[in-house]
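Visitor: I am new to reading protein models, and I would like a close look at a single part of this one. Please pick one helix and walk me through it slowly, together with whatever lies around it.

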Amino acid sequence: MPRHPRLFVPGAIYHVYCRVARGEFVFDDDFEATEFVELLRKVRDLDGWTVFAWCLMGNHYHLVLRTREVDLWRSMARFQGRVARGYNRRHRYLGRLWQSRYRARVIDSNDYYRKVVTYVHLNPVRAGLVADPYTYRWSGHRELLGRKGTKLVDADDALLVFGETTRTARRRYMSSVRGALEEDGLED
C-alpha cells in the first residue's frame with residue numbers, strides 16, 4: 001500500500017519526532033548525541049529552520065520548528081539520512097537506524113504550541129532521567145531560560161507566544177513547566 005503524501009505548508013510550525021529502530025538507546029552515547037546536534041544545526045542553517053524546542057532522548061527525539069521554502073520531507077530526509085549514515089559507518093552497522101518515517105504534526109494554535117514546547121522539554125523528567133529539566137543536557141530548555149546551551153533554539157521567537165517581554169515570557173514558560181509537572185505528580 002502506498003504511503004499517503006505529506007502535507008507541507010511553508011512557514012508552518014511542526015512538532016516532529018521519531019524513534020530509533022528496535023528501541024535501541026543510540027543517543028545515550030555522548031558522541032552520538034553530539035553528532036545528532038551538529039547535524040541538526042547544519043540542516044537548520046542550510047534549510048532555514050527556526051527551532052523553538054528540541055529534546056534528544058536515548059532512543060528518540062522531538063523537534064518543534066518552523067520551515068521556510070524547503071519541503072519538510074526534504075530537510076528530514078537529509079537530516080535523518082545523515083544521522084543514520086554516520087552512525088552506521090562509525091559502528092559498521094548495516095540496516096536502518098530509524099523505526100519508521102518521522103511523524104510531523106502542524107501546530108495550529110498558540111495554546112497547542114505552548115503545550116508542545118513544554119511537553120518536549122519535560123521528556124527527560126517524565127522518563128525519570130532527571131528531576132529538573134534544567135539539568136538535562138540534550139534539550140533546548142536551558143536556552144529558553146537564557147542560559148548556556150547548544151544554540152539551536154531561537155529563544156526570542158520561541159518565547160513570543162508566552163509573553164510580550166522576554167522576562168514575562170520566561171516566567172510564563174516556567175509556570176507552564178511547573179504546571180505540567182504538577183499535573184503529572186512530578187513536582188515536589
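Guide: What follows is a walk along helix H1 and then across the sheet that H1 packs on. Please keep in mind that this is a predicted model.

Let us begin with the chain as a whole, to see where our helix belongs. The protein chain holds 7 helices and 4 strands, and along the sequence they follow the pattern β-α-β-β-α-β-α-α-α-α-α. The radius of gyration is 16 Å, close to the 16 Å that the globule rule gives for 188 residues, so the chain is as compact as a globular protein of that length. Its C-alpha trace spans about 45 × 35 × 35 Å along the principal axes. Of the 188 residues, 47% are buried. If you take the contacts with a separation of 6 or more, 69% of them are between residues 24 or more positions apart.

Now to the helix itself. H1 runs over residues 30–47, which makes 18 residues. From its first C-alpha to its last it reaches 26 Å, close to the 26 Å expected at 1.5 Å a residue.

Look next at the two ends of H1. At its start, a side-chain oxygen of aspartate 29 comes to within 2.7 Å of the backbone nitrogen of phenylalanine 31. Just after the helix, you will find glycine 48, with a positive phi of about 75°. Positive phi is a useful thing to watch for, because most residues other than glycine have a negative phi. Arginine 22 is not a glycine, yet its phi is positive, about 60°; this residue lies in the loop between E1 and H1.

With the ends in view, turn to the side of H1 that is covered. Its buried residues are Glu32, Ala33, Phe36, Val37, Leu39, Leu40, Arg41, Val43, Arg44 and Asp47. What do the buried residues of H1 pack against? They pack against strand E2 (50–56), strand E3 (60–66) and helix H2 (72–91).

One of these residues deserves a pause. Arginine 44 sits in helix H1 and has 14% relative accessibility, which is why it counts as buried, the cut-off being under 20%. Apart from its neighbours within four places in sequence, arginine 44 is in contact with Trp49, Val51, Lys151 and Leu152. For a contrast, try arginine 92, in the loop between H2 and E4. With 80% relative accessibility, arginine 92 counts as exposed, and its phi is positive too, near 50°.

Two of the neighbours of H1, E2 and E3, lead us to the sheet. This is an open sheet of 4 strands in the order E2-E3-E1-E4, with antiparallel pairing. E2 and E4 (103–106) are at the edges with a single partner strand each, so one side of each has no neighbour in the sheet. From one strand to the next, the twist averages 15°. H1 packs on this sheet by touching E2 and E3, and its direction makes about 165° with that of E2.

What holds such strands side by side? Strands of a sheet pair through backbone hydrogen bonds, either parallel or antiparallel. Let us cross the sheet from the E2 edge. E2 and E3 run antiparallel and are joined by 6 bridges, and a hairpin connects E2 to E3 through 3 residues. Valine 51 stands opposite leucine 65 in E3; valine 51 is also among the contacts of arginine 44, so here you can step straight from the helix to the sheet. 

Moving on to E3, we meet a strand that is mostly covered, with 6 of its 7 residues buried. E3 is joined to E1 by 7 bridges, and these strands run antiparallel. Leucine 65 appears here again, as tyrosine 14 stands opposite it.

The last step takes us from E1 (residues 13–19) to E4: 4 bridges join them, and they run antiparallel. In this pair, the bridge partner of valine 16 is alanine 104 in E4.

To gather the picture around our helix: H1 has 18 residues, its buried residues pack against E2, E3 and H2, and the sheet it touches has the order E2-E3-E1-E4.

Note on methods
Residues numbered from 1 in each chain as written. Predicted model: local features only at pLDDT ≥ 70, side-chain atom pairs only at ≥ 80, totals over all residues. Heavy atoms only, no water. Expected span 1.5 Å × (residues − 1). Buried < 20%, exposed > 50% of the residue type's maximum accessible area, 1.4 Å probe, protein only. Contact = heavy atoms within 4.5 Å. Polar contact = N/O pair within 3.5 Å; in protein donor to acceptor, adjacent residues only side chain to side chain. Pairing = 2+ DSSP bridges. Axes fitted to C-alpha atoms, helices over the stretch in contact; angles between N-to-C directions. Rg over C-alpha atoms; globule rule 2.2 N^0.38 Å.
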